[in-house]
Amino acid sequence: MKKYHLPILVEVDEDGFFFFFFPLYKGCHSYGKNIDEALANLKEVAEMCIAEQEQPVSNQFIGVREMELTINAT
């Protein structure tokens, strides 16, 4: 049995659905109506992604930043 520690990106859309992404695995993401549902769905998807891709993509996850922009409306 192998243990993984993977970064997860979390977004919520305008309808309140939670979207979870594993940036180290291409196409590895899931969603749910709440955080618990999204996490449960993500665990299933993660197992499939790891079994399929074995090694994560070569990109190294560094972190998440947020940028604030002020744009003049015309």
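Helices and strands are taken here as DSSP runs, of at least four residues for a helix and at least two for a strand, numbered from the N terminus. On this basis the predicted model follows the order β-β-β-α from the N terminus on, with one helix and three strands in the chain.

The chain has 74 residues, of which 20% count as buried. Its accessible surface amounts to about 6600 Å², and carbon and sulfur atoms contribute 52% of that area. Among contacts in the chain with a separation of 6 or more, 28% link residues 24 or more positions apart.

The largest nonpolar core comprises eleven residues: Phe20, Phe22, Leu24, Tyr25, Cys28, Ala38, Leu42, Val45, Ala46, Cys49 and Ile50. Helix α1 supplies the largest share of this core, with six residues. One of the core residues, Val45, is in contact with Cys28, His29 and Ser30 when residues up to four places away in sequence are not counted. Cys28 is itself a member of the core.

A nonpolar patch on the surface is formed by Ile8, Val10, Ile35 and Leu39, which together expose about 300 Å² of accessible area. Ile35 lies in helix α1, which spans residues 35–53. The relative accessible area of Ile35 is 40%; because this value falls between the 20% limit for buried and the 50% limit for exposed residues, Ile35 is classed as partly exposed. Helix α1 thus contributes to the largest nonpolar core, and its residue Ile35 belongs to the surface patch.

How values were computed
Residues numbered from 1 in each chain as written. Predicted model: local features only at pLDDT ≥ 70, side-chain atom pairs only at ≥ 80, totals over all residues. Heavy atoms only, no water. Patch = residues over 30% accessible without salt bridge, like charges linked within 9 Å, V, L, I, M, F, W, Y side chains within 5 Å. Areas by Shrake-Rupley, 256 points an atom, 1.4 Å probe, with all protein chains shown as cover. Salt bridge = Lys/Arg side-chain N within 4 Å of Asp/Glu carboxyl O. Buried < 20%, exposed > 50% of the residue type's maximum accessible area, 1.4 Å probe, protein only. Core = buried A, V, L, I, M, F, W, Y, C linked by side-chain atoms within 4.5 Å. Contact = heavy atoms within 4.5 Å.
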